[in-house]
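Here is a short report on charged pairs and nonpolar cores. Look at the sequence and the structure first, then read on.

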Amino acid sequence: MSEEHVLVGQVYEAKEDMTAADRLIGSYLPFIKSETAKYLKRPLIEENDDELSIAMIAFHEAIRGYTKGRGAFLPFASMLIRSRLTDHTRREKRHSGHLSLELPLGEDGDTLGMRLPAQEDVQETCVSRNAARSEIEELAGQLARFGVSFTDVAENCPRQKRTLRACRKVMEYAKGDTELLEEFLRTGRLPVARLSRECRVEKKTLERHRRYLVALLVICTNGYEIIRGHLKHVLKGGPDQ
C-alpha cells in the first residue's frame with residue numbers, strides 16, 4: 001500500500017473523527033511548520049509567529065475539504081495553507097498597528113480576532129503577545145475538560161446570522177443565571193432543554209452548536225480577559241446582525 005494511499009485513508013478518517021483529525025495534524029506538524037517557513041521566507045519562530053496557528057487551521061480545513069479528485073493531499077494542503085496565510089497578511093495590512101493571534105471559530109475563516117495594540121516598546125509587545133498565548137493555552141486545557149477542542153469550535157460555529165443571534169441570546173441568558181452556570185461547571189453538561197425553553201430557541205439549534213456554546217461559556221466563566229475583549233462583537237453583535 002503506497003504512502004499516499006495510507007495518508008488519504010487517514011484524511012478520510014479524520015473527516016469523521018475529531019480525535020483522528022487532531023492526531024493527523026500533530027503527525028504532520030513538521031510539514032505545516034515547513035510550509036509556514038516557506039511562506040515567511042525565513043525560519044519559523046514558533047513563540048512569535050501567529051502564522052503557524054493559521055497554517056494549522058488551514059491544514060484542518062484541507063482535511064475537511066479534500067476529495068480524491070483533487071489529487072494528492074499534501075499539495076492540496078500546501079496550496080490551502082499558502083492561501084490562508086496570504087489572506088492573513090492582507091488582513092494584517094488592513095489592520096496595521098495590531099497584532100493577531102487567532103483561534104478557529106468557523107471553517108469560513110472567522111476567528112476570535114485577537115488583535116493586540118502595537119506598542120513601541122518591544123519588550124512590552126512580547127509581554128502582551130505572551131499573555132494572549134498563555135490564555136489560549138489555558139483555554140485549550142479548560143475546553144479539554146469538557147471534551148471540546150479548538151477543532152470542535154471550528155466545526156460548530158454558526159454560519160448564519162440568525163443562528164448566531166440565537167446563540168447570542170442563549171449566551172446572554174446563561175451568563176445571568178448563576179444556578180445554571182454552577183450546574184454547567186459542576187456537571188460539564190450544557191442544559192440544552194432548559195435553555196431551549198427559557199430562550200425560545202429550537203432545541204435542535206442548540207444541539208447542533210452545543211460545543212460552540214460550551215466554549216463560549218467556558219471563556220465567560222474563567223476570566224480570559226484578552227479573549228473576552230475580542231468576543232464582544234460575537235456576544236453583542238454588530239449593526240448588521
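How many residues does the largest nonpolar core have, and which residues have the most contacts inside it?

## The largest core

The model shown here is predicted. Its largest nonpolar core has 30 residues. Leu190 and Tyr212 have the most contacts inside this core. Find these two residues in the structure before going on.

Several elements build the core. Those that give two or more residues are α6 (122-145), α8 (161-175), α9, α10 and α12 (210-221). Which element gives the most? The answer is α12, with nine residues.

## A second core

There is also a second nonpolar core, separate from the largest one. This second core has 29 residues. Among them are Ala20, Phe31, Ala37 and Tyr66.

## Salt bridges between helices

Now turn to charge. Side chains of opposite charge can pair when their charged atoms come close. How many salt bridges does the structure hold? It holds eight.

One of these salt bridges joins Glu13 and Arg23. Their closest N and O atoms are 3.8 Å apart. What does the pair tie together? Glu13 lies in helix α1 (residues 3-16), while Arg23 lies in helix α2 (residues 18-27), so the salt bridge links parts that are 10 residues apart in sequence. Glu13 is partly exposed, with a relative accessible area of 40%. Arg23 is partly exposed too, at 47%.

Arg194 and Glu183 form another salt bridge, at 3.9 Å from N to O. Arg194 sits in helix α10 (residues 192-199) and Glu183 in helix α9 (residues 178-187), so this pair ties together parts that are 11 residues apart in sequence. Glu183 counts as partly exposed, at 28% relative accessibility. The helices α9 and α10 have appeared before: each gives two or more residues to the largest core.

## A pair of neighbours and a network

Glu198 forms a salt bridge with Arg197. The closest N and O atoms of this pair are 3.8 Å apart. Are the two partners exposed or partly exposed? Glu198 is partly exposed, with a relative accessible area of 41%. Arg197 counts as exposed because its relative accessibility is 55%, and the cut-off for exposed is over 50%.

Salt bridges can also share partners. Which residues are joined into one network this way? They are Glu61, Arg84 and Asp87.

Key: Residues are numbered from 1 along each chain as its sequence is written. This is a predicted model: local features need pLDDT of at least 70, side-chain atom pairs count only at pLDDT 80 or more; totals for chains, interfaces and linings use all residues. Side-chain values use heavy atoms; hydrogens and water are left out. A salt bridge is a side-chain nitrogen of Lys or Arg within 4 Å of a carboxyl oxygen of Asp or Glu. Helices (H or I, at least four residues) and strands (E, at least two) are DSSP runs, numbered from the N terminus. Buried means under 20% relative accessible area, exposed over 50%, partly exposed in between (1.4 Å probe, protein chains only). A nonpolar core is a set of buried Ala, Val, Leu, Ile, Met, Phe, Trp, Tyr and Cys residues joined through side-chain atoms within 4.5 Å.
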